[in-house]
Amino acid sequence: MAKTHFLFSPGPVMVSDNVRNALLHDDIGHRVPEFTAVLQNLQRNLLKVYRADDRYTVLLITGSGTAANEAVISSYFGNTHHALLLTNGEFGDRLQEMLDIHRIEKTVLRYEYGVRPDPAEVEELLKKNPKISAIIMTFQESAASFINPVQEIGTLAGKYNKTYIVDAVSALGGEDVDVLRDNIDFCTCSSNKCLGSLPGVGIICAKRSKLEEMRNNRPKTAYLNLLRLYDMSEQYHQTTNTPSTTQFFALDAAVKELLDEGMEERIARYKRCARILRDGVKKMGLRMFIDEKDASNTITSVLLPEYIDMDDFVQRMEVKGYTVYPGKGHLKDLNLFQIGNMGNIFEEMCTPFLETMSETLHELQD
Ligand SMILES: Cc1ncc(COP(=O)(O)O)c(C=O)c1O
């Protein structure tokens with residue numbers, strides 16, 4: 001059946017027929033060998049996507065990206081830890097909210113949306129404050145479509161022996177994520193972004209030695225207890241609680257598809273689509289929020305002229321079959337909107353999108 005609605009949004013994303021068909025599996029219990037095989041296969045394949053080795057494991061939790069982030073934050077930090085949070089937008093701020101809720105001692109280095117965290121400033125802080133035991137940051141600050149200096153901060157994490165936690169919810173499968181090269185100890189993701197599956201699975205790639213460090217921590221939650229999840233995974237190849245079996249099947253298909261396409265080729269496709277979209281947007285005389293050198297491969301943040309009513313624009317695009325997102329927080333006041341090209345989007349779909357966008361802007365100018 002021909003598609004009539006397209007998600008040009010930063011997640012959830014469109015999925016391939018192959019992923020959709022994986023939803024139609026036989027009825028299955030989650031503690032039977034057939035499901036265990038799916039889980040183990042998924043863990044093995046995701047390790048490849050993270051470019052990790054067997055010093056790491058991948059843990060899966062039914063929930064969104066926030067569940068994965070909160071599992072790490074609530075489980076890893078004990079009373080003696082002090083976190084250094086680098087934030088330059090909405091999703092960094094959400095990490096701060098979790099640190100607040102779980103009463104974790106912290107220092108926050110805050111930058112404006114779209115401003116690059118300064119590694120020199122981070123190094124200065126690490127030298128001045130030896131209490132800092134962990135650094136936490138987003139890979140892509142999705143609200144600004146900004147790629148953070150993950151490798152540079154990872155070099156510092158290695159040099160000063162700090163635990164490094166990276167929220168790659170909107171990056172894994174779309175950017176150059178490499179937990180080994182970048183000294184990342186915990187790296188999170190969700191099923192429904194660049195990996196190309198449906199919402200429902202929170203993903204955590206964790207260094208085993210860091211999981212072992214949690215043994216003396218007092219659990220703060222029952223459901224998001226990462227150590228319990230790890231032990232269940234190691235002993236029984238199962239999840240602690242009932243997983244959304246169907247979404248695990250879908251993610252398994254999506255990750256296989258990613259590895260078959262090739263991770264480099266997937267990133268190259270995302271780059272080609274972003275290029276077409278950005279060139280088209282520029283041709284319409286519109287400005288990008290982020291300098292191209294810092295921009296992600298899968299989200300484009302565009303500033304509309306102030307005389308365009310953003311809500312009207314987004315609504316009209318929706319009616320014409322294209323979902324795009326208005327900016328978050330104060331970025332919406334800048335008349336910023338976001339175009340995503342994650343998941344099952346290909347070059348040939350970008351030009352019709354741009355034509356519809358141009359037509360819609362003309363309607364709103366009249
Ligand atoms: C970087 C980042 N972190 C966390 C989240 C939250 O993910 P979820 O809405 O799946 O909980 C998002 C969602 O877009 C994100 O982009």
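Two strands count as paired when DSSP finds at least two bridges between them. This is a predicted model. The chain divides into domain 1 (6-12 + 262-365) and domain 2 (17-260). A ligand has 12 named residues around it, among them Gly65 and Ser190, listed below. The largest nonpolar core holds 106 residues.

**Domains and their contact**

- Domain 1 is made of two segments, 6-12 and 262-365, while domain 2 is the single stretch 17-260.
- The C-alpha centres of domain 1 and domain 2 are 27 Å apart.
- Domain 1 puts 24 residues into the contact, and domain 2 puts in 23 residues.
- On the side of domain 1 that touches domain 2, helix H10 (263-283) and strand E12 (299-303) are the elements that give two or more residues.
- H10 gives the most to that side, with four residues.
- By class, the residues on the side of domain 1 that touches domain 2 are 11 nonpolar, 10 polar and three charged.

**Ligand surroundings**

- The residues around the ligand are Gly11, Ser64, Gly65, Thr66, Phe91, Thr138, Gln140, Ser142, Asp167, Val169, Ser170 and Ser190.
- This shell has nine polar residues, two nonpolar residues and one charged residue.
- Several of these residues return below: Thr138 with strand E5, Ser190 with strand E10, and Gly65 with helix H3.

**Glycine 65**

- Gly65 belongs to helix H3 (residues 65-76).
- Gly65 has 25 other C-beta atoms within 10 Å, so it is buried; the cut-off for a buried residue is 20 or more.
- Gly65 touches Val169, Thr188, Cys189, Ser190 and Gly202, leaving aside residues up to four places away in sequence.
- Two of those partners, Val169 and Ser190, are also named around the ligand.
- The C-alpha atoms of Gly65 and Asn192 are separated by 8.9 Å, although the two residues are 127 residues apart along the chain.

**Strand E10 and its partners**

- Strand E10 (residues 201-207) is mostly covered, with seven of its seven residues buried.
- Val201, Ile203, Cys205 and Lys207 point one way from E10, Gly202, Ile204 and Ala206 point the other way, and all are buried.
- Strand E2 (residues 56-62) runs antiparallel to E10 and is joined to it by seven bridges.
- Within that pair, Tyr56 has Lys207 of E10 as its bridge partner.
- Strand E9 (residues 186-190) also pairs with E10 in the antiparallel sense, over five bridges.
- Ser190 stands opposite Gly202 in E10.
- Cys205 of E10 touches Leu46, Tyr50, Ala52, Tyr56, Val58, Val179 and Cys187, again leaving aside residues up to four places away in sequence.

**The largest nonpolar core**

- Tyr50, Ile204, Cys205 and Leu226 touch the most other members among the 106 residues of this core.
- Helix H9 (residues 245-261) gives the most to this core, with eight residues.
- The core spans the domain division: at least three residues come from each of domain 1 (6-12 + 262-365) and domain 2 (17-260).
- In soluble globular proteins, nonpolar side chains tend to be buried together.

**Strand E5 and its partners**

- Strand E5 (residues 134-138) is mostly covered, with five of its five residues buried.
- Its two faces are both covered: Ala134, Ile136 and Thr138 are buried on one side, Ile135 and Met137 on the other.
- Strand E3 (residues 83-87) pairs with E5 in the parallel sense over three bridges.
- Leu85 stands opposite Ile136 in E5.
- Strand E8 (residues 163-167) runs parallel to E5 and is joined to it by five bridges.
- Met137 has Val166 in E8 as its bridge partner.

**The four-stranded open sheet**

- The order of this open sheet is E11-E12-E15-E14, with antiparallel pairing.
- Strand E11 (287-288) and strand E14 (325-326) stand at the edges, each with a single partner strand, so one side of each has no neighbour in the sheet.
- E14 runs antiparallel to strand E15 (residues 336-340), and two bridges join them.
- Pro326 has Phe337 in E15 as its bridge partner.
- Strand E12 of this sheet is also one of the elements on the side of domain 1 that touches domain 2.

How values were computed: Residues numbered from 1 in each chain as written. Predicted model: local features only at pLDDT ≥ 70, side-chain atom pairs only at ≥ 80, totals over all residues. Near = placed C-beta within 6 Å. Nonpolar A, V, L, I, M, F, W, Y, C, P; charged D, E, K, R; others polar. Domains from an automatic or database assignment. Contact = placed C-beta atoms within 7 Å. Buried ≥ 20, exposed ≤ 12 C-beta atoms within 10 Å, placed from the backbone. Core = buried A, V, L, I, M, F, W, Y, C linked by C-beta atoms within 7 Å.
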